[in-house]
Amino acid sequence: MNIKDRNFAENLLKQLFIGSSLYGLEFGVGPGSIKIRFIHLKPLEHQPFTLWVNMESKWTVFKEDPMYSQEIPTISEEEMFQNIIELRRKKVVNVSIGEKVPHLLIQFEDGKTLYVNGHHDQFECWQAGDDDGDGWLVVAMPGDDIAFWEPED
């Protein structure tokens, strides 16, 4: 993973997500696949600003700060979704991306951390962006790479 791209993507995600709150989820087609939604209630332009993270690889919620190499525990799908439900309306206080592998860590005000695996040889693990179809997008690419797209304007 290119360190310059990683740093840009991490800073972008911090700008977008810090201060937002988790407000919803959509179930994906496969087990563990989920799209979670965030909202900024008081953005600079005085309109709600919505964001999302689509998780297509293993993920979990840690109750304490995880290490990037920490194993994701095996739990039932119901337990996984319950962990997300417990984060509803919690504010994001930090976002980070792994140094060598684009694992995504979103830290919440209650000390819990959403950890999304960023490693797969053939498939994207996660995508994050804003709800404006032409807005910002950050993607954990196959082969431990990171990519981002910016609005045309």
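The protein has two helices and 10 strands, where helices (H or I, at least four residues) and strands (E, at least two) are DSSP runs numbered from the N terminus. This is a predicted model, so to speak at face value: local features need pLDDT of at least 70, side-chain atom pairs count only at pLDDT 80 or more, and totals for chains, interfaces and linings use all residues. Residues are numbered from 1 along each chain as its sequence is written, and side-chain values use heavy atoms, with hydrogens and water left out.

## Overall layout

Reading from the N terminus, the elements go α-β-β-β-β-α-β-β-β-β-β-β. Of the 153 residues in the protein, 46% are buried (under 20% relative accessible area; exposed is over 50%, partly exposed is in between, with a 1.4 Å probe and protein chains only). As for contacts (heavy atoms within 4.5 Å), take those between residues at least 6 apart in sequence: 50% of them join residues at least 24 apart.

## The four-stranded sheet

Four strands make an open sheet, ordered E4-E7-E6-E5, with antiparallel pairing; two strands pair if DSSP finds at least two bridges between them. Strand E4 (59–62) and strand E5 (92–97) sit at the edges with a single partner strand each, so one side of each has no neighbour in the sheet. On average, neighbouring strands here are turned by 15 degrees against each other, direction ignored. For angles, the axes are lines fitted to C-alpha atoms (for helices over the stretch in contact), and values run from 0 to 180 degrees between N-to-C directions.

Within this sheet, E5 pairs with strand E6 (residues 104–108) in the antiparallel sense over five bridges. One detail to look up: Val 95 has Ile 106 in E6 as its bridge partner.

Both helices lie across strands of this sheet. Helix H1 (residues 3–17) crosses E5 and E6 and runs at about 165 degrees to E5. Helix H2 (residues 77–85) lies across E4 and strand E7 (113–116), at about 50 degrees to E4.

## Strands E8 to E10

Further along the chain, strand E8 (residues 126–130) and E9 run antiparallel, joined by three bridges, and Ala 128 has Val 138 in E9 as its bridge partner. E9 then pairs with E10, again antiparallel, over five bridges. There, Leu 137 is matched with Trp 149 in E10.

## Positive phi values

Which residues have a positive phi around the loops? Here they are, with Gly 143 coming from the E9 and E10 hairpin, which has three residues between the strands.

| Residue | Phi |
|---|---|
| Arg 89 | about 65 degrees |
| Gly 143 | near 75 degrees |
| Asp 144 | about 65 degrees |

Arg 89 is not a glycine, and neither is Asp 144. Arg 89 is in the loop between H2 and E5 and is exposed, with a relative accessible area of 64%. Asp 144 is in the loop between strand E9 (137–141) and strand E10 (145–149), and counts as buried at 17% relative accessibility.

## The second largest pocket

The second largest pocket has a volume of about 170 Å³. Its lining has 11 residues, with Lys 58, Trp 59, Pro 73, Ile 75 and Met 80 nearest the centre. By class, that lining has six nonpolar, three polar and two charged residues.

Methods. 1 Å grid on protein atoms, 1.4 Å probe; cavity = no way out; pocket = protein on both sides within 12 Å on 5 of 7 lines; lining within 4 Å. Points joined across faces, edges and corners; volume = space filled by probe spheres on them. Nonpolar A, V, L, I, M, F, W, Y, C, P; charged D, E, K, R; others polar.
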